[in-house]
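This report describes selected helices and strands. It begins with strand pairing and then turns to helices.

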Amino acid sequence: MLIFEQFYLSCLAQASYLIGDSETGVAVVVDPRRDVDVYFDAAEAQGLRIEHVLLTHFHADFLAGHIELRDRVGAKLHLGAAAQADYKFLPMIDGDELSLGAVRLWFLATPGHTPESTSILVFDGVQKNPHAVLTGDTLFIGDVGRPDLMASIGISAEELAGDLFQSLHHKLLMLPDETLVYPGHGAGSMCGKSLSSETVSTIGAQRATNYALQPMSKSDFIELVTSNLPKTPGYFAYNADLNRRERPNLESALRESVRGLDLEEFLALRDRSGAWVVDSRSAGDFAPAHLAGSLNVGLDGMLATWAGSTIPSDQPLMIVAEPGREHETILRFGRIGYDRVLGFLEGGFGALAEHPDQHRQIGRVSVEGLFAERQIGDAAALLDVRNEGEWEQTKIEGSFNIPLRELENRASELPQNRALVVHCRTGYRSSLAVSILQRLGIMGARDLVGGIVAWEENGQPVVRPPAG
């Protein structure tokens, strides 16, 4: 009998899967994250043993846990037949089948997001039609995978978009309408344009509602899926390459980085190494006082995504965290292969309490306060650090847009003789943005508490494009 479990990691908007056969006890993990204990706990509870790991493609937005599972239990690694990797793997050829017993997995080559992308059909027993299809980043709920991530190695977005059209229309949409669709990501992922927050659907529902699956020519599809794509986060190429490489496993990486340092050691090592200091406390805790030069990438948000988008992958890191959450912070960096963590400040920011000369603060302004300033004509320049598409859909009148991941390179565009208020959707990204400006020596910018969500909830006006 089929055992099927989805693991959804909200901070990465990423889904992985445990599939097993209750009679034989054989199980596979599909697209695992790097901290793999969760799969062993689930397998043990179900009486399963993990023997195989399947990657639907080389992921760009996180470091997969295939090396960890292989090193832990000798699991066999499977990749699409078009894949090339440093480590030994079994190629999943189009039409191949992997039997776990009565449960069978059938592989479909579905290139388009990447050349090696593969979808996995799940059959239970003697049923003729598949129970489900795991689509990786080929088909999402409400969207399809972006085809532009291979441009850096010479494969054009248009070429992959053509492959994606074929994979969708001549393979996935040929499946029965009742087939369950389990994708690799949900809302918040940068691997598509407009992913749904739903984590499961059906082929029939996607056929009816997914904008990219509506009847159209191949050329129209290519134009549709290659336009208005958000800028690729800087760490994507780094992760995609690491997922092809033989590399140290997470256990080895954490062994080197999870060490506490007293304040004197911490500051000396920071100065000697040139490490970037990341403070993972909330924006509300960071604003009143923080270590000069530190960046605020809050743990209770998409830390990996935004750290990876703003911090170079080759830089050493040091951590200031809420006491007791240091390991969690370092783990979250490990999920995107940011393993060069030199240590954390023992006692968190409390260790700096008696050293006000090391403190900096961020000014914050409420929605009511900002509205009042704008009413009397004494308004600061308003910088929106959301993605360009978000800004175009809903904006505060008079605001200007520099997406967060572009801020450091475009800081020269900031007004020189005006006060500055920074906002995003809820205040997570804007706190990071202001800390980036401080690190660049641009002081005095304030953070709008609650972002544009709080602005609208307070009844303040916004600008939207004309209907239709």
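Two strands pair if DSSP finds at least two bridges between them; helices (H or I, at least four residues) and strands (E, at least two) are DSSP runs, numbered from the N terminus. The model is predicted, so local features need pLDDT of at least 70 and side-chain atom pairs count only at pLDDT 80 or more, while totals for chains, interfaces and linings use all residues. Residues are numbered from 1 along each chain as its sequence is written, and side-chain values use heavy atoms, with hydrogens and water left out.

Strand β13 takes part in the following pairings.

| Strands | Sense | Bridges | Bridge partners or opposite residues |
|---|---|---|---|
| β10 (residues 132–136) and β13 (residues 180–183) | parallel | four | Ala-132 and Leu-180 |
| β13 and β14 (residues 201–202) | antiparallel | two | Val-181 and Ser-201 |

Helix α1 (residues 37–46) has Tyr-39, Phe-40, Ala-42 and Ala-43 buried, meaning under 20% relative accessible area, with exposed over 50% and partly exposed in between (1.4 Å probe, protein chains only). These buried residues lie on the same side of α1 because they cover an arc of only 165 degrees around the axis, taken from the directions from the helix axis to the C-beta atoms. Their cover includes β1 (2–9), β2 (14–21), β3 (26–30), β4 (49–54) and α2 (66–73). Exposed Asp-41, Glu-44 and Ala-45 are on the face of α1 turned away from its buried side. After α1 comes Gly-47, with a positive phi near 70 degrees.

Terms used: Contact = heavy atoms within 4.5 Å.
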